[in-house]
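User: I would like to go through this model with you before planning bench work. Could you take my questions as they come?

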Amino acid sequence: MKTDPGRFFENYRLGETIAHAVPRTVSGGERALYHALYPARGALHSSDEFARACGLPAAPVDDLIAFHTVFGKTVPDISLNAVANLGYAEGRWLAPVWPGDTLAATSEVIGLKQNSNGKSGVVWVRTTGTNQHGQAVLSYVRWVMVRKRDLDAPAPETVVPDLAKAVAASDLAIPQGLDFTGYDFTLAGEPHAWEDYSVGETVDHVDGVTVEEAEHMLATRLWQNTAKVHFDATFRPDGQRLIYGGHVISMARALSFNGLANAQMIVGLNGGAHANPCFSGLTVKAWSEVLDKAETSVPGVGAIRLRLVATRGGAPFQLKGEDGKYLPEVLLDLDYWALMPV
Amino acid sequence: MKTDPGRFFENYRLGETIAHAVPRTVSGGERALYHALYPARGALHSSDEFARACGLPAAPVDDLIAFHTVFGKTVPDISLNAVANLGYAEGRWLAPVWPGDTLAATSEVIGLKQNSNGKSGVVWVRTTGTNQHGQAVLSYVRWVMVRKRDLDAPAPETVVPDLAKAVAASDLAIPQGLDFTGYDFTLAGEPHAWEDYSVGETVDHVDGVTVEEAEHMLATRLWQNTAKVHFDATFRPDGQRLIYGGHVISMARALSFNGLANAQMIVGLNGGAHANPCFSGLTVKAWSEVLDKAETSVPGVGAIRLRLVATRGGAPFQLKGEDGKYLPEVLLDLDYWALMPV
Amino acid sequence: MKTDPGRFFENYRLGETIAHAVPRTVSGGERALYHALYPARGALHSSDEFARACGLPAAPVDDLIAFHTVFGKTVPDISLNAVANLGYAEGRWLAPVWPGDTLAATSEVIGLKQNSNGKSGVVWVRTTGTNQHGQAVLSYVRWVMVRKRDLDAPAPETVVPDLAKAVAASDLAIPQGLDFTGYDFTLAGEPHAWEDYSVGETVDHVDGVTVEEAEHMLATRLWQNTAKVHFDATFRPDGQRLIYGGHVISMARALSFNGLANAQMIVGLNGGAHANPCFSGLTVKAWSEVLDKAETSVPGVGAIRLRLVATRGGAPFQLKGEDGKYLPEVLLDLDYWALMPV
């Protein structure tokens, strides 16, 4: 059979490195589509001139374009037969991606644990995205639950990687040349600098977007993500297309402009949970909580650690019920580091 | 509170200049999306080669891309709390926008008039879009009705600007280098030159487009227009998303190719009314009326003043009822100047 | 009347050449949109680096972008009043199209045959797409059934062109510089080379995409295809918008990556039938059959002739019923040549 059935749990070997297929060159086209698909307004990614005033040669593409492109490469090898996308950790954006760059991705299997039912297991991979110069632009750990096809295949030795709860602020990569000392808060859209945010502070981003089938499919295809559930309405018994979790990430991040306009660049991904599935017709809203703050080695640039929560409505700032489980209206609980002007 | 509530009527001061946030670099991506969103076929904006044959260095982006981008910048400051978008005047396109250009916008408050009910008022602004060279590319007056938040705020002195009924033909800016003397009517798609149109002539553009939620949201986001009613189906009691009026402008203008293929460049906006709201599922059609004609200082280039009417069906050439009000099927009544080969 | 009613059967003359309007410059924007609209993953069209490793200066735009752009140009002159799109033959891709290229198109009328009912007739045209250097990039024959407007117009002399059943392998144009000797099958996504396919072999491409109104309209507009039935829900009595047949071609071709990832470039179009209409809400699937194989003059490059069948579900590999007619679930039956690494 020439078609690719994807990998099953028993096909992964600890320590192996998988080179993912179909490198991708991004251009101003991807940037324009990103702005059409999400209400993204971060000035550094919107304007070459603004980016130059911040010490960069031009506006990089949105940091999540890099993430989605690299993630999309991994789907055929990592999550085609995944039952669940369980988590992210130790994500670091290592270099900006510019129009014209070509991205490729590899993943190393760093953990394996068969489930007690013997029908599936958890696979941990560390994925690295690289540009055409061989330079790493992004690295993150993801773990997924994957079905076994051959239930008789022996369980591998259980290895659960020891993952950091959060990327240390000192490990965040600041893009070369970035300089916020002449930062224009008026052009950026909000006056709030790094020092104006305090740990524990919450922000309701207010705005909402009702999502459409055509839009999430355009987005997910753009990243060459091939997971069938996003595209084929006959795949699930309920006739619904499951929206790619990354679509919710980008939507929530874009909505967070309203209150976090100066959280310009994403540089770390500490963790994330797709708490509940998202479907067409729902209205996505978002709120954030400041989890931590740190100085960086670059003058004028502060790091802020944010919890970004996407919901399908309901009151903001509610996350889990008394049972410790995510509330049904919570779609996403993401933990990331961004760079802000001080 | 860190989120932006937008300005209310009492927040505007006569004479103040508002620098709008989030400059935007446009590329071939925005052009491609424009062609995907609207049936735009004007050869000058479609083909670098055709544009060069008309004396330009390359194809500029569609004139309405410049308009929407600049307009989108103004929304957070001007119309986030607007009850109604009342009118446009004195619009002039001052220089073409090329892929790679970065647009920013400022608005000067030129008029204020509190309504007699004390709950809202009309704000007139003159908005200027500039490119990365500081060159003005577009200027227009818009007035909107804006709610008051503090009903006790004193009414400002009433100042109603004296606006021209139409931009004088002699004030139209002809793009540098534009030369229609070797104009190729075959490649442009229609044989009708400027002298073939007479004042009072009407053209039914025949074609129709049924509009979809995904499309108008993609378009409106692309211009970074943040008005909530376009995106959030929970915002209005009827659960409908109001379509951005500019989407109807671009749709009607694109449809007008059929009969006005040689009305290549928009250079003036004399007025405009969004007569009735547009919603997903309606089929937009268009007709035009020649309001005026003028020669220009450039050999081979004529100016034509057009009324462009978008409808949701119904017989063409019907605009208002006996009561002087727009018919319910009329969506848009726009008055603009375009340049045509003589 | 200034609007274009399109041509009717009696308006075609054997041997005349029609220069189609509105040349079009393509960019990275069209490429990005193509990847958003279809699950296209061919590495040669996705990555500049991969294309360079195959001897090309950069990644060309997808071969079907060239086809759709040229086809779109012809619609106002050839198929605006067409009752049916009957077939394709003798299609050859003659040179890659690069971002920045400007495409124009001409068609020569090579056959005419009035139907016995006197109300319509068949028109055969050979269409040629050229770039800004005057170089032909694509040539194909298409025939359509077109209505007569003047039923009294005399029937033209019947001339039915003698068309090849398939483009001879020796007539396929291999892009200059193409070299598959260092082809990276891992990055391309599948290990199957030209020699791994045998004539008669069938491949079920497995994946499916449920199509949306917004998506097919975005695509069809992008190619500046003006056929009313694709956009106007009030045009057909059933209120449905007919999906452009080319949308189905691109969808099926993109789906065929799964099993034919190395069929990198389309170089010949031998024939094609739009067996049944496609509408929004259907889920498109695809299967292929290897019809022929041929060596080429270029080391490492083989030609493979494929039948590509798009369906709206149903079991794969079923094409026609006992009556010799296409099964109702078959949407497309396409016969093309592609280039593969040996």
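User: How many helices and strands are there in chain A?

Analyst: This is a predicted model. In it, chain A holds eight helices and 12 strands.

User: What is the radius of gyration of chain A, and what would a compact globule have?

Analyst: Chain A has a radius of gyration of 20 Å. A compact globule with 342 residues would have one near 20 Å, so the two agree.

User: And what box do its C-alpha atoms fill?

Analyst: Along the principal axes, the C-alpha atoms of chain A fill a box of roughly 60 × 45 × 35 Å.

User: Changing topic: what rotation superposes chain B on chain C?

Analyst: A rotation of 120° does so, with 0.0 Å of shift along its axis and an RMSD of 0.0 Å. The two copies are therefore related as by a three-fold rotation axis.

User: Which residue of chain B has the C-alpha nearest the axis?

Analyst: That is Gly29(B), whose C-alpha lies 2.2 Å from the axis. As for the contact between these two copies, they use different surfaces, with 9% of the contact residues of chain B recurring in chain C.

User: What turn lays chain C on chain A?

Analyst: A turn of 120° with a shift of 0.0 Å along the axis lays chain C on chain A, at an RMSD of 0.0 Å. Here too the copies use different surfaces: 9% of the contact residues of chain C recur in chain A.

User: Back to chains B and C. How many residues does each give to the contact?

Analyst: Chain B gives 44 residues and chain C gives 31 residues.

User: Which three residues supply the most of the area that chain B buries there?

Analyst: Ala36(B), Arg41(B) and Leu187(B) supply 20% of the area that chain B buries against chain C, more than any other three residues. The area buried between the two chains is about 2,900 Å², and carbon and sulfur atoms give 57% of that area.

User: How many salt bridges are there between chain B and chain C?

Analyst: The count is five. One salt bridge joins the side chains of Lys285(B) and Asp232(C), at 4.0 Å from N to O.

User: How many residue pairs are in polar contact across that interface?

Analyst: There are 19 such pairs, with both residues at pLDDT 80 or more.

User: Which helix gives the most to the side of chain B that touches chain C?

Analyst: Helix α1 (residues 28-37) of chain B gives the most, with eight residues. By class, that side of chain B has 18 nonpolar, 14 polar and 12 charged residues.

Methods. Residues numbered from 1 in each chain as written. Chains lettered and ligands numbered in written order. Predicted model: local features only at pLDDT ≥ 70, side-chain atom pairs only at ≥ 80, totals over all residues. Heavy atoms only, no water. Contact = heavy atoms within 4.5 Å. Buried area = accessible area lost by both parts, 1.4 Å probe. Polar contact = N/O pair within 3.5 Å; in protein donor to acceptor, adjacent residues only side chain to side chain. Helix = DSSP H or I, 4+ residues; strand = E, 2+ residues; numbered from the N terminus. Nonpolar A, V, L, I, M, F, W, Y, C, P; charged D, E, K, R; others polar. Least-squares fit on C-alpha atoms with pLDDT ≥ 70 in both. Rg over C-alpha atoms; globule rule 2.2 N^0.38 Å.
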